[in-house]
Amino acid sequence: MQAMATKQMVNIDVIKGAVAEKIDAACFTSWIAPIAFDIENGVLNCGVQNQFSFNYVNSAYGNVLRGVAGNFGLQLNLFVANAKRSVVANVAPIANDNNTQTYSPAMTNESSVVAFDTFVATDDNLFVLSACKKIAAGAAAFSPLYVHGGAGCGKSLLAECIKSASAGRVIMMNGGQFVSEFTRSLHDRTVFAFKDYCRNCDTFILDDVQSLAGKKATMDEFLQLVMDLKAAGKNVVVTANVAPNSLTGFDRRAQSLLASGLVADVVAPNAHVKSVLLRRAGVAADVANELANRIANDGHLVAGVATKIKTYSELMGANVDMDVAARLLSDTLERAKTPLAMVKNMCEKLGVSYDAVCGSGRSRNLVLARQTMMAVLKGATGLSLSEIGNYVGGRDHATVLYAIKQIEKQKATDLVLSAQINQLIAECK
């Protein structure tokens, strides 16, 4: 009898090892390790802790368990502990239904109330702002709301606004926090309580979802969370630095789910927005307007500039005019982009010399470069055609007009040239 029991224990260990070889280590620790295995009359009995576990294990790993059991000549009996029978039921919203686990986050995002008026919107950002307000009001028919844009464009600010304006319980984490908290719950064996914590809300906000890239177990957990919250009619808000289909380290299933609600992009702040932000921070209007044209389109950088000016004024007891600001921010301000500087910069990028552009050479590459520069100056500045001609060797009005028309025709059929010109215009502005 003792020999039989020992053989049974060995077989269970071998079976667990066989299952572990077929799935991710973190998933095994989270879902398979807590299962109570035993063998009886040619049947591998697998007792899971609760109904939530049964639903997930059966859907995600049922085939793996059946395959491994079959390799040992056993039938599989997957059941909820203390029920001793197979169960097929609707998805349960509660994971920790036996209340055996407790969980509390290591850190909470306690922040002040942030009103939507804090976000200075241009016409380009009215759509995303309206979508954020609607989901905060609980009147949105879309979820998840996926907001994307470059660094410093205001994604996190919009997420904070949604958190402040939303009724009910709101949970907000950044991607790094979600990874850390999920990993800690696995280590502390409180993963089911963590699942309940995340699902017990009316709105869940994840800032910087790209931080989950390459972390398969964490990503699987988050995707399941999104699906469960959507099914329960809850709101999900996600922010990222790129659109869903451009997320690296995310498979097609993850990209598809994140794009299944509403995707909206945030445009970086323009000169008007930067000026407003600086004036709100106490910078003199004339200084704010001048700085706005010489600071990169990055909200974080604008906040840093405002802080530096405010601190200088408080410490030195003096107002900051443009001369003082230029000295304080010499490492931050962009150099003024004169038309001549633009032309010389384009010469480097297009691989031609400035003297050749201003000369009378008529080689094909040189003519194309010269015409491209004229078109870029037209698109990036308010110069007249005659003024543009002066910066490329003293060409007359008619020559510049002809060059611009030629470039417009080529752009219609040459996408590479079109993209190059758009990039040059953006760099010159």
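In the predicted model, helix 10 (residues 271-280) packs against helix 12 (residues 299-316) at an angle of about 35°. The two axes lie 9 Å apart. The crossing of helix 10 over helix 12 is right-handed. Helix 10 contributes Lys274, Leu277 and Leu278 to this contact. Helix 12 answers with Val302, Val305 and Ala306. By class, the contact of helix 10 with helix 12 comprises 5 nonpolar residues, 1 charged residue and no polar residue.

Both helices recur in the description of the largest pocket. This pocket encloses about 530 Å³ of space. Its lining consists of 25 residues, and Gly154, Leu157, Leu277, Gly299 and His300 are the closest to its centre. Helix 5 (155-165), helix 10 and helix 12 are the elements that each give two or more residues to the lining. The largest share, 6 residues, comes from helix 12. Of the lining residues, 13 are nonpolar, 9 are polar and 3 are charged. Leu277 thus appears in two settings: in helix 10 it takes part in the contact with helix 12, and in the largest pocket it is among the residues closest to the centre.

Enclosed space was examined next. Rolling a probe the size of a water molecule over the atoms reveals where empty space remains. The structure contains 1 cavity of 30 Å³ or more. The largest cavity holds about 60 Å³ of space. Its lining is formed by Ala26, Cys27, Ser30, Trp31, Tyr56, Phe182, Lys195, Ala217, Asp220, Glu221 and Gln224. Helix 2 (25-32) and helix 8 (216-231) each provide at least two of these residues. The lining of this cavity divides into 6 nonpolar, 2 polar and 3 charged residues. The charged members are Lys195, Asp220 and Glu221.

Aromatic contacts were also surveyed. The structure holds 6 aromatic pairs. One of them joins Phe178 and Phe194, whose ring centres are 5.6 Å apart. The planes of these two rings meet at 55°, so the pair is classed as tilted. Phe178 belongs to helix 6 (residues 175-187) and Phe194 to helix 7 (residues 191-199), so the pair ties together parts that are 16 residues apart in sequence.

The loop between helix 6 and helix 7 contains Arg189. The phi of Arg189 is near 55°, a positive value in a residue other than glycine. A second backbone feature lies at Pro144. The peptide bond from Ser143 to Pro144 is cis, with omega near 5°. Pro144 sits in the loop between helix 4 (126-136) and strand 4 (145-148). Both features depart from the general pattern: most residues other than glycine have a negative phi, and most peptide bonds are trans.

Val64 offers a view of packing elsewhere in the chain. This residue is placed in helix 3 (residues 51-71). Beyond its neighbours within four places in sequence, Val64 is in contact with Val19, Lys22 and Ile23. Val64 and Met373 are separated by 309 residues in sequence. In space, the C-alpha atoms of Val64 and Met373 are 63 Å apart.

Key. Residues numbered from 1 in each chain as written. Predicted model: local features only at pLDDT ≥ 70, side-chain atom pairs only at ≥ 80, totals over all residues. Heavy atoms only, no water. 1 Å grid on protein atoms, 1.4 Å probe; cavity = no way out; pocket = protein on both sides within 12 Å on 5 of 7 lines; lining within 4 Å. Points joined across faces, edges and corners; volume = space filled by probe spheres on them. Helix = DSSP H or I, 4+ residues; strand = E, 2+ residues; numbered from the N terminus. Axes fitted to C-alpha atoms, helices over the stretch in contact; angles between N-to-C directions. Left-handed = near helix turned anticlockwise from the far one by under 90°. Contact = heavy atoms within 4.5 Å. Phe/Tyr/Trp six-rings, centres within 6.5 Å; stacked < 30°, edge-to-face > 60°.
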